[in-house]
Amino acid sequence: HVHGEVQAQMLMGLTGAIVVEGPEHDARRAAGIVERVLVVRQTQDQDAGKTPAAAMTAAPAGAPAAPGPGPRETIDTSHELLCTSNAGIDQISLDGTPVPLGDVPDSALARLEIAPGSRQYWQLLNAATDAFLSLSVEDERGRALPLEIAARDGSPLTDDAGQRLHPPPTAEAQSVPPGGRIEFFVAAPPPGVKAYLVTHAVDTGCAGDRLPQRRLAVVIASGAAAPALPPAVEPAPHAAVPPDLFAGILSRQVDRRRVIAMAEYPRPGRADQTDFYIVERKRGAVLRPYAMGDAPAITVKAGTTEEWLIENWTNELHTFHIHQLHFRVLDVDGRPSPAPELLDVVEIPYASATGLHSAEGPVRPGRVRLRMTFPADMAGDIPFHCHLVDHEDNGMMAVLRIVKPGASSRPVARAPEAEP
């Protein structure tokens, strides 16, 4: 899809999964493990026409009606998009089957069959425009069944040295933000027992969408019984293992640290429009929505490693997504990540009110600290943005330029804007 017009295209179905196969796929097939590709899509977005309810913080007396473009090191929180009274729930689907609300007959759900005594390998893509998922497989009494997580965002679970990890099965719900991917083994429920693929309710903040718990599919043991479950699948010993461009991120020296802020404000005027921003907080930075074709906002040297602190100053959950690269999350709101995974999209918690007289200011942003490296093989221009695509379409996007040693890092001049 074309960035800048993504939401309309995705709502019309212009999404899909590309599966790059390798030795592990061959090994699973040899072991008789069935693979499924599951795609969650969204067919409507009811954000238009939200009614403002209350601001997170009151605007001080004499404050301007809306923030204007210009240099800023701090983020204006007095004019952020207000909380909303949006009561609508957007329609989503699983592989084309609409996902209903509430208790419905199993016949209304997508049906996933697994041979008794076997397990399958599921590769799930969240291709919704702005619906977050919190996934688990549960039995009829709501008890979560164990899943073996194998990969996220197209990257197998590995340690920092690039060695494969095989964590034990988990019953914890798995967060999959818009644009996120997850791959896992799931075992067939016992004969005569139904299970359900479920997305739990997600708190997206007072300006976010309503995301209640929903059943995505019914999972049934059906067909001929399978032989005993095979052991954990590994590629053949002679299989060539491609070099990992992102190995050693956590052990590398950090060459630079940046703070990247996300913000959103009602557009001045009567039109029900919102402008979205993603900007590096630094002296002289200009806060304005990204226009397709803008010059790169950040330029880095190939081979360097940086830490980015992503700040969400808004009343709703956002995501940070970067093309082509992967990163490891170091901490979320100051809480260290126990086992940082290689990701290319991550949720950024919404801001919280602290009071007008708080020492840290009236608003505390949600924060995620991540580390990434910039391989020379990835030299060029790379977009990063919120993966709630109406946010990206309306300005919450920027471009990173990776330059090889000796190459020019001079940004391309931005064409002057026409005067009204």
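How many salt bridges does the structure hold? In this predicted model, the structure holds 24 salt bridges. Several of these are described below, after the sheet, the helix packed on it and the nonpolar cores.

An open sheet is formed by 7 strands, in the order S3-S2-S1-S5-S11-S8-S9, with mixed pairing. Strand S3 (97-98) and strand S9 (155-156) stand at its edges; each has a single partner strand, so one side of each is left without a neighbour in the sheet. At the S3 edge, strand S2 (residues 92-94) is joined to S3 by 2 bridges, and the two strands run antiparallel. Within this pairing, Ser-93 has Pro-98 in S3 as its bridge partner.

Helix H2 (residues 23-30) lies across three strands of the sheet, namely strand S1 (34-42), strand S5 (119-126) and strand S11 (181-187). The helix runs at about 120° to S1. Buried residues in H2 are Glu-24, His-25, Ala-27 and Arg-28. Seen down the axis of H2, the buried residues fall within an arc of 160°, so they line one face of the helix. The cover over these buried residues includes S1, S5 and S11. Just after H2, Gly-32 adopts a positive phi of about 80°.

The largest nonpolar core comprises 66 residues, of which Trp-122, Trp-308, Phe-320, Leu-325 and Leu-400 touch the most other members. Strand S13 (residues 214-221) gives the most to this core, contributing 4 residues. A second, separate core has 11 residues, among them Ile-75, Ala-261, Val-279 and Ala-351. The surroundings of Leu-400 were examined further. Leaving aside neighbours within four places in sequence, Leu-400 is in contact with Ile-298, Val-300, Trp-308, Ile-322, Leu-325, Phe-374, Gly-380, Asp-381, Ile-382 and Phe-384. Two of these contacts, Trp-308 and Leu-325, are themselves listed with Leu-400 as the core residues that touch the most other members.

Among the salt bridges, one joins the side chains of Asp-153 and Arg-181 (3.8 Å, N to O). Asp-153 lies in the loop between strand S8 (147-152) and S9, and Arg-181 lies in strand S11, so the pair ties together parts that are 28 residues apart in sequence. Asp-153 counts as buried at 4% relative accessibility, whereas Arg-181 is partly exposed, with a relative accessible area of 25%.

Two further salt bridges involve strand S14 (residues 256-266). In one of them, the side chains of Arg-256 and Glu-280 meet (3.9 Å, N to O). This pair links distant parts of the chain, with Arg-256 in S14 and Glu-280 in strand S15 (residues 274-280), 24 residues apart. Arg-256 is partly exposed, with a relative accessible area of 41%, while Glu-280 counts as buried at 9% relative accessibility. In the other, Arg-257 forms a salt bridge with Glu-307, the closest N and O atoms being 3.3 Å apart. Here too distant parts of the chain are linked, Arg-257 being in S14 and Glu-307 in strand S17 (residues 305-312), 50 residues apart. Arg-257 is exposed, with a relative accessible area of 56%, and Glu-307 is buried, with a relative accessible area of 6%. Arg-256 and Glu-280 also belong to a network of salt bridges that links them with Arg-258, Lys-282 and Glu-306.

Definitions and conventions:
Residues numbered from 1 in each chain as written. Predicted model: local features only at pLDDT ≥ 70, side-chain atom pairs only at ≥ 80, totals over all residues. Heavy atoms only, no water. Pairing = 2+ DSSP bridges. Contact = heavy atoms within 4.5 Å. Axes fitted to C-alpha atoms, helices over the stretch in contact; angles between N-to-C directions. Core = buried A, V, L, I, M, F, W, Y, C linked by side-chain atoms within 4.5 Å. Buried < 20%, exposed > 50% of the residue type's maximum accessible area, 1.4 Å probe, protein only. Arc of directions from axis to C-beta. Salt bridge = Lys/Arg side-chain N within 4 Å of Asp/Glu carboxyl O.
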